[in-house]
Each structure stands twice: as structure tokens, then as C-alpha cells.
Amino acid sequence: MEYSRKLSSEEIGQGYVFIDKKNWDFFPKPNQTFGVCVGELCHIAKIEAKDCTCMGEDKPQLHHHLILPAVKAKFKKGDSITITKKEDGTYDLVKK
Ligand SMILES: [Zn+2]
């Protein structure tokens, strides 16, 4: 299993990767730290759950963000990335 996504300017600017709701189970629960390697450098990352009203003020929902400041320096808007999970429980993030 893997998670793929095209990065938006907001994700690059704030240093996170948006996680689709159907893929939440692919990642640890919010606020647990885990390793994400980008190239040869591995970083401590975590999922943050954020309140959101993008579906309307009357339909509050949660977003999950993979907090990873390294995406600011390593990628640019529109880059497609793929995240895979390794046997040791850490993740690899690569540009497609
Ligand atoms: Zn939303």
C-alpha cells in the first residue's frame, strides 16, 4: 500500500502533506511521532487533526495533516509524491 498526492502551494508553504480520509489508517494516529525519510534524510513527523469547515459552517469535519517541514525545502507546488511504509514502521516519501 502507498499514499500518493500532488502537493498544493499551501502544503509547501506550511510544510505538511494532506492525508485523504480514506487513507487515515495507513498512518499512525494523530500526535504520535514517527519517522519519514525524504531521500537519505529521515525526519520526525506526526499527524495533526485539524477542524475544518470547507464543507460548510454547518458541516464541521476533521482534516489530517502529516506535519513535515522538509517538504518546504524539498518540493514545489504541483510535485507528485508517493509515501510508502517500510517494515520497520517508518515511511519513505519520494517524488514520483
Ligand atoms: Zn474540510
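What share of the contacts in the chain with a separation of 6 or more comes from residues 24 or more positions apart? The figure is 52%. Keep in mind that you're looking at a predicted model.

**The chain as a whole**

Let's start with the building blocks. The chain has seven strands and two helices. If you walk along from the N terminus, you meet them in the order β-α-β-β-β-β-α-β-β.

Now for the overall dimensions. Here are the lengths worth having at hand:

| Item | Value |
|---|---|
| Radius of gyration of the chain | 13 Å |
| Radius of gyration of a compact globule with 96 residues | near 12 Å |
| Box filled by the C-alpha atoms, along the principal axes | roughly 45 × 25 × 20 Å |

The radius of gyration of the chain, 13 Å, agrees with what a compact globule of 96 residues would have, which is near 12 Å. As for burial, 16% of the 96 residues count as buried.

**A look at S80**

To see how distant parts of the sequence meet, zoom in on S80. You'll find S80 in strand β6, which covers residues 80–85. Is S80 buried or exposed? S80 counts as exposed, because 12 C-beta neighbours lie inside 10 Å and a residue with 12 or fewer falls in that class.

Which residues does S80 touch, leaving aside those up to four places away in sequence? The list is S4, K6, K95 and K96. Take S4 from that list: S4 and S80 are 76 residues apart along the chain, yet their C-alpha atoms are separated by 7.1 Å.

Key: Residues numbered from 1 in each chain as written. Predicted model: local features only at pLDDT ≥ 70, side-chain atom pairs only at ≥ 80, totals over all residues. Helix = DSSP H or I, 4+ residues; strand = E, 2+ residues; numbered from the N terminus. Rg over C-alpha atoms; globule rule 2.2 N^0.38 Å. Buried ≥ 20, exposed ≤ 12 C-beta atoms within 10 Å, placed from the backbone. Contact = placed C-beta atoms within 7 Å.
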